[in-house]
Amino acid sequence: MEFKDCIKFANDNPMTYVATLDGNQPRVRGFMMWYANESGFYFHTGATKLVYKQLKANPNVELCFYHPDEKGGVMMRVAGAVEFIDDKKLRGKLVEERQFLKAWGFTAESSDLVIFKVSKGEAYFWTMETNFDAKKAIKFG
């Protein structure tokens, strides 16, 4: 498998579980990934949220994408560090694509609308059939 397979899997299964650290306490929550491409996996949050403070304190994360099926499903885990993107044009695109953000008062100028991505790291696929196999890392970035 190659990184292009990771991009496709993430875009086909955008519901993502994001694991962070809050001090020494792991925290995990669901995110709806915005999109993935050859430059990484893109997400957004609000600057007032605890997850943002956790990511600023420690940018290392693990992402988990999952596609269920009758055989136990396919999981892709991605380990890397987040990069914050302060780009008015990109925020404008985000607000246009995710209209609910406008209802919450966000605009392209809203610096408290935080975009972040994971652009470097390792990805691993898992299935019940490969449960006991050695991990095969797909390095990217």
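Visitor: How much surface does the protein expose, and what share of it comes from carbon and sulfur atoms?
Guide: The protein exposes about 8,200 Å², of which carbon and sulfur atoms supply 55%, with accessible areas taken from the Shrake-Rupley method with a 1.4 Å probe, where for residues only the protein chains shown count as cover. This is a predicted model, in which local features need pLDDT of at least 70 and side-chain atom pairs count only at pLDDT 80 or more, while totals for chains, interfaces and linings use all residues. Residues are numbered from 1 along each chain as its sequence is written, and side-chain values use heavy atoms, leaving out hydrogens and water.

Visitor: And what percentage of the residues is buried?
Guide: Of the 141 residues, 43% are buried, where buried means under 20% relative accessible area, exposed means over 50%, and partly exposed lies in between (1.4 Å probe, protein chains only).

Visitor: Switching to the fold, what's the order of helices and strands?
Guide: There are four helices and eight strands, and along the sequence they follow the pattern α-β-β-β-β-α-β-β-α-α-β-β; helices (H or I, at least four residues) and strands (E, at least two) are DSSP runs numbered from the N terminus.

Visitor: How many salt bridges are there?
Guide: The structure holds nine salt bridges, each being a side-chain nitrogen of Lys or Arg within 4 Å of a carboxyl oxygen of Asp or Glu. One of them joins K88 and E109, whose closest N and O atoms are 3.2 Å apart. That pair links distant parts of the chain, since K88 belongs to helix α3 (residues 88-97) and E109 to the loop between α4 (100-103) and β7 (113-127), 21 residues apart.

Visitor: Is E109 buried or exposed?
Guide: E109 is exposed, at a relative accessible area of 52%.

Visitor: What about E97 and K93, where do they sit?
Guide: Both lie in helix α3, four residues apart, which is about one turn of the helix, and their side chains meet in a salt bridge at 4.0 Å, N to O. E97 is partly exposed at 47% relative accessible area, as is K93 at 39%.

Visitor: Different topic: how many disulfides?
Guide: The count comes to zero, taking a disulfide as a pair of cysteine sulfur atoms within 2.5 Å.

Visitor: Why is C6 not bonded to C64?
Guide: The closest cysteine sulfur to that of C6 is in C64, but because the two are 13 Å apart, the distance is too far for a bond. C6 itself is buried, with 0% relative accessibility.
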